[in-house]
Amino acid sequence: MTKLLQRVMNIEPDEVAPILMAALYFFFILTALMILRPAREALGMTSGLDTVRWLFMLTLVATLALNPVFGWLVSRYRRLVFIAAIYFFFAANLVGFYVLLVLTPAAVGELTGRVFYVWMSVFNLFVTMVFWALMADRFTLDQGKRLFGLIAVGGTAGAVFGSAIAWTLAERIGAPLLLILASGFLALAVGSAWLVTRLTVEVRQQGSAGATDASNRAVIGGSAWEGFKAVFRSRYLLGISSYVLILAVLVTFLYFTRLQMVAAIGEGVDEQTALFAQIDLITQVATLVLQAVVAGHLMKRVGVSVTLALLPITVALGYIGLAIVGTLTALIVFEAVFRAVQRAIMRPARETLFTVVSREDKYKSKAFVDTFIYRGGDAVGAQVEGGLVRTGMGLAAVAAVAVPLAIVWAALGIWLGREQQRQKNREQSHRELQHQST
């Protein structure tokens, strides 16, 4: 069994318990998200595509407003305290939405749908950001290369489970109770996060087992806006921000490309739902295989640089093919491959970038990058895509922007992987000098 774990899963025996608990933590988060996502899409689309584009702008404003609040929590409270505060805050919001839906259903209308759409978009980013920040804090770079893809399997399983719950229970118990169910999974995520802080192997990274308890009790300190300022002081963090910004722009391009093509078909809601259920099924299966078997070996053997460049290459080739063929079948294939590579390969690789920065940057700077920068890319992408569509050139116009942008994105990914290794080497040299001086 030990040899099987090392050869196939690329993990050491003493890492099994921490990995399982981290995967369970991610499972609970993605279950909650996928229970709620159908409601967000349904409520958002009632106002039309142009309104959705402007809702992206409102989401950007909301993430900017919440960033200093998160920074303040990180500065003044222990790690598990501010993690629990984030999850319980959003769980309380869900209870509030439940009360609104049950006690005042007549008040629920288009405005409420827009508020929920923005709230869900903010919720989505913050809860996943906190998860990956903790992973970057608890695992070393070498462990992250091997294990983050495997840990992400838990999230994919949660996405499948959450989608199944929403699909089977929405009509039986009603949308309001789904909100309460999602809040329960957030509470379970807090318990899993506590266990992750207790179980993760840190001896290799810190040099003593006692460092685990010390880091759990330590308050990071600093100012609420330190993450924002650190991004613009560090070439490395600025590079990560640029990578995430381009990612968000191109994800948004694909999102609206899908909506435009489906709207043009003119099929009914049931047919559209069945179609995208097929896309999701293909994507989830491909993602599970890549996460469980490929991602860890890929990062270890070819490095983070090449791994980060794979999704940009996929985007460039996908949009070239889509501009030439322009069929729904081509879109289905492109989107399925895109999502699988994004979730199984690019996301774990991107999260390893934060394993070589300070603990303060792991939480504060990461929060700024993964929420405000990402939603900024969403907002930019939505407006640019809308402008390209209005030119009347359709997919050709979108591809003309997406392909060169993807090439720049790939080059940036290669640079980040190399810079990450330089950061690690500098850290090791610093530790060696400290050891020699003592």
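Let me start with L238, which sits in helix 11, residues 235-265. In this predicted model, L238 has a relative accessibility of 37% and therefore counts as partly exposed, since that class lies between 20% and 50%. L238 also belongs to a nonpolar patch on the surface, together with L64, W225, F228 and F232. The accessible area of that patch is about 470 Å² for the five residues together.

Next, the overall picture. The protein has 15 helices and zero strands. Of its 438 residues, 54% count as buried. The accessible surface comes to about 18,500 Å², and carbon and sulfur atoms account for 68% of that surface. Among contacts between residues at least 6 apart in sequence, 87% join residues at least 24 apart.

I turn now to the interior. In soluble globular proteins, nonpolar side chains tend to be buried together. Here, the largest nonpolar core holds 62 residues, and the members that touch the most others are Y25, I29, Y87 and M135. Several helices each supply at least two residues of this core, among them helix 2 (16-45), helix 4 (79-103), helix 5 (110-138) and helix 14 (359-390). Which residues does I29 touch, leaving aside those up to four places away in sequence? They are Y87, V127, T128, F131 and A189. There is also a second, separate core of 56 residues, which includes F338, I345, M346 and I373.

Helix 4 deserves a moment of its own. With 25 residues at 1.5 Å each, helix 4 should span 36 Å, and its end C-alpha atoms are indeed 36 Å apart, so the expected and modelled values agree. The buried residues of helix 4 include R79, F82, I86, Y87, F90 and F97. Y87 thus appears both in this buried set and among the best-connected members of the largest core.

Let me move to the charged pairs. The count of salt bridges comes to 14, and I shall describe three of them.

In one, the side chains of D137 and R359 meet at 3.2 Å, N to O. This pair links distant parts of the chain, with D137 in helix 5 and R359 in helix 14, 222 residues apart. D137 is buried, with a relative accessible area of 4%, whereas R359 is partly exposed at 25%.

Another salt bridge joins K229 and E226, at 3.9 Å, N to O. Why are K229 and E226 separated by about one helical turn? They are three residues apart in helix 10, residues 226-233, which accounts for that separation. K229 is partly exposed at 38% relative accessible area, while E226 is buried at 16%.

The third salt bridge is between K366 and E351, at 2.4 Å, N to O. K366 lies in helix 14 and E351 in helix 13, residues 328-352, so this pair ties together parts that are 15 residues apart in sequence. Are these two partners buried or exposed? K366 counts as buried, with 0% relative accessibility, and E351 likewise counts as buried at 0%. Salt bridges with shared partners join both residues into one network with R347, R350 and D370.

To close, helix 14 recurs in this account: it contributes to the largest nonpolar core, and it holds R359 and K366.

Conventions
Residues numbered from 1 in each chain as written. Predicted model: local features only at pLDDT ≥ 70, side-chain atom pairs only at ≥ 80, totals over all residues. Heavy atoms only, no water. Core = buried A, V, L, I, M, F, W, Y, C linked by side-chain atoms within 4.5 Å. Buried < 20%, exposed > 50% of the residue type's maximum accessible area, 1.4 Å probe, protein only. Helix = DSSP H or I, 4+ residues; strand = E, 2+ residues; numbered from the N terminus. Contact = heavy atoms within 4.5 Å. Expected span 1.5 Å × (residues − 1). Patch = residues over 30% accessible without salt bridge, like charges linked within 9 Å, V, L, I, M, F, W, Y side chains within 5 Å. Areas by Shrake-Rupley, 256 points an atom, 1.4 Å probe, with all protein chains shown as cover. Salt bridge = Lys/Arg side-chain N within 4 Å of Asp/Glu carboxyl O.
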